[in-house]
Amino acid sequence: MSTKTPSAPAEAQELAKKVPRLSGSKKLFRKVEPYIWIAPSIILMAIFIVTPIVKVFQLSMSKVTRAGLVKGYNNFENFTNVLKSPAFSLVLKNTIVWTIAVVVISTVLGFMLALVLNNKFRGRKVARAIVVFPWATTLVIQASAWNFIINKDYGTLNTLLMKIGLISAPVNWTPTPGAYFAWEIACGIFVTIPFVTFCVLSGLQSIDASYYEAATVDGAGYFQKLFSITLPLVKSSLTVATVLNIIYVFNSFPIIWTMTKGDPANHTDTLVTYLYKLAFYNGKQGEASAVSVIGFLILLVCASVYMIYTLRKGDDDL
Amino acid sequence: MSQPANAVKKPVSIKKGILRLLLYFVVLDVCVITLYPYFAMLCTALKNRVEIFSGGTILPIVPLWSNFIDIWSRAPMAKYMLNSVLIAGGSTIIAMLCGIPAAYALARMKFKGQTAFLGFVIVSQMFAPVVLLIGIYQVMQKLGLTDNILGLIFINAAFNQAFTIWLLRGTFMGISAEMEQAATIDGCTRVQSMMKVLLPVAAPGIVTTLIFIFINAWNEYTVALCLISTDTFKPLTVGINTFNGYNMIEWQYLFAASIFAIIPVVILFMCIEKNLVSGLASGGVKG
């Protein structure tokens, strides 16, 4: 196939094999062709993701009027204003508590649920279909349902517990903002578990059963098998699930917005609900953008870990 | 092989029976807890106001099916539904039209900046629309797309690109390129070989991706809440809050409408659950 003489350098020969008998213009086309293929995607993301990112960074460093007009660089005043405000430290604390509590608890519970569902039993398919429900339901609706269930006066949790006889009078499940926040976390965990479960399940199903058989023959117990076979082999599924979860949960808006709107007085606010109120209720777009940027920086650490991990994994089979 | 297995099996059969019982107990509990909110929603959707606010009952005394009919006249539910379908459908089409070629290029070609592009795709997942809302709002203002369904379609399509490309790239890479090469030798262009050879084989992966984007766009709430102000342009997720007023919540209508919003998605999701997860969890390496 090669058009080059045998004496040509190996590199050129290699190249010639890949693009046999091509004229100059065709060669050029081959070079630009991939970029044509990715162009629509790049244009779409450039307009609707990259431009907003640039805008947010620009606004975070500018003086912005209530009408959204940019009045020039203001020496990081937005950042200092945000960091100085007493609400911010509370909001940041809430965000960290929210993210860690939801991710950690749902990862542990989701992992255990996956181990349970990985057993063969009658009705397994039905059980798996049911477990997927919270994942598929939009968060607004899920949050409204929980808001109704835990209501002190007419919520069905009180009714249910009274019918069973566990309590004799209605319990106020949300006496303090902290308690309300805990319920929001519970709701967050509830909707996050299915994602973890299914990621782990897919990892579990790819494990060859012969490992377990061999371990059983060697006399390994259940926990020995769990820690020396199962965990190492689902580690990669679990890592991807966890990192994606950190990003989703950190940026999760609908649950808190539906249940409390961050009230009272920022006690249940996280960064995203806080910045939404700053931007669209208080007209402080500059400061809201600063909050966004602070959020990015926190997430950047997580995302870079994820990117390094997945790209390295991807390179292996390129 | 079979003998030692049997030898181990016998003495633990009682223990095994107990474990089995425990397993069913756990599974049953999980299912009950998972379904409880839906059960509560359905029961509430079938009650009248007085019954809901006086509490004390779980099941409705007399199921009031008319709530499911009333919602269509009490709010522009049909409009919300149509908007949701348009937004989810439109986003899916655009995301696929942009995503398929990109995923194809990543899976089948080598070019400079490939890793950078892939890196950008992954990092873009970090920027949820919520954090960018201020920027998105400004871009939409410039394009004249605030309070416009088309704006939501583009936003949803863009923010689902990462998933689309990631899942499809994995699917394409899991399929051998030999058939396409053969087609090329037979005189097919790249586009033809992709359309006629690759896409039919990749159909399961494509359907999974398609449904997943559709569900994501259908369930999207935050951007719609922020961009749409005209009632008749709202999708279901935002529109159902008509029943969630400042002074009182019409729980029965809110939940009746919610059930209409949930059902199509749950059905779709159950169809793809198996394929989707294997694509996500393996980091998109396999389809």
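Student: Why is B:Lys234 called buried?

Tutor: Set its value against the cut-off: B:Lys234 has a relative accessible area of 18%. Buried means under 20% relative accessible area, exposed means over 50%, and partly exposed is in between, with a 1.4 Å probe and protein chains only. So B:Lys234, at 18%, counts as buried.

Student: What sort of model is this, and how are things numbered?

Tutor: It's a predicted model, where local features need pLDDT of at least 70, side-chain atom pairs count only at pLDDT 80 or more, and totals for chains, interfaces and linings use all residues. Residues are numbered from 1 along each chain as its sequence is written, chains are lettered from A and ligands numbered from 1 in the order in which they are written, and side-chain values use heavy atoms, with hydrogens and water left out.

Student: Where is B:Lys234, and what does it touch?

Tutor: It's in the loop between helix 13 (222–227) and helix 14 (236–239) of chain B. A helix here is a DSSP run of H or I with at least four residues, a strand is a run of E with at least two, and both are numbered from the N terminus. Contact means heavy atoms within 4.5 Å. Leaving aside neighbours within four places in sequence, B:Lys234 is in contact with B:Lys79, B:Tyr80, B:Asn83, B:Ile228, B:Ser229 and B:Gly239.

Student: What makes B:Ser91 buried?

Tutor: Its relative accessible area is 0%, so B:Ser91 falls under the cut-off. You'll find B:Ser91 in helix 5 (residues 77–108) of chain B. Beyond its neighbours within four places in sequence, its contacts include B:Leu152, B:Asn156 and B:Ala217.

Student: How do you know that B:Ile206 is buried?

Tutor: Same test: B:Ile206 has 12% relative accessible area, so it counts as buried. B:Ile206 sits in helix 12 (residues 203–219) of chain B. Apart from neighbours within four places in sequence, B:Ile206 is in contact with B:Met96, B:Leu168 and B:Leu199. As for B:Asn247, 41 residues away along the chain, its C-alpha atom is 46 Å from that of B:Ile206.

Student: And why is B:Phe117 called buried?

Tutor: Relative accessibility is 7% for B:Phe117, so buried is the right word. B:Phe117 belongs to helix 6 (residues 114–124) of chain B. Not counting residues up to four places away in sequence, B:Phe117 touches A:Ile38, A:Ser41, A:Ile42 and A:Met45 in chain A, and B:Ala102, B:Leu106 and B:Ile165 in chain B. The C-alpha atoms of B:Phe117 and B:Ala102 are 9.8 Å apart, with the two residues 15 apart along the chain.

Student: How do you know that chain A and chain B meet over more than that?

Tutor: Contacts link 100 residues of chain B with 90 residues of chain A. Buried area is the accessible area (1.4 Å probe) that two parts lose on being put together, summed over both. For these two chains that's about 8700 Å², 78% of it on carbon and sulfur atoms. In chain B, B:Met126, B:Val131 and B:Ile134 lose the most area to chain A, together 8% of what that side buries.

Student: What makes helix 7 of chain A mostly covered?

Tutor: Helix 7 of chain A (residues 139–149) has 11 residues, and 10 of them are buried. Among them are A:Val140, A:Trp146 and A:Phe148.

Student: What stands out about the phi of B:Asp147?

Tutor: Most residues other than glycine have a negative phi. B:Asp147 isn't glycine, yet its phi is near 55°, a positive value. B:Asp147 is in the loop between helix 7 (129–143) and helix 8 (149–159) of chain B.

Student: How does the radius of gyration of chain B sit beside that of a compact globule?

Tutor: The radius is taken over C-alpha atoms, and the globule rule is 2.2 Å times the number of residues to the power 0.38. That gives near 19 Å for 287 residues, but chain B has 25 Å. Its C-alpha trace spans about 75 × 75 × 35 Å along the principal axes.

Student: How many helices and strands are there in each chain?

Tutor: Chain B has 15 helices and zero strands. Chain A has 14 helices and two strands. Buried residues make up 54% of the 287 in chain B, and 50% of the 318 in chain A.
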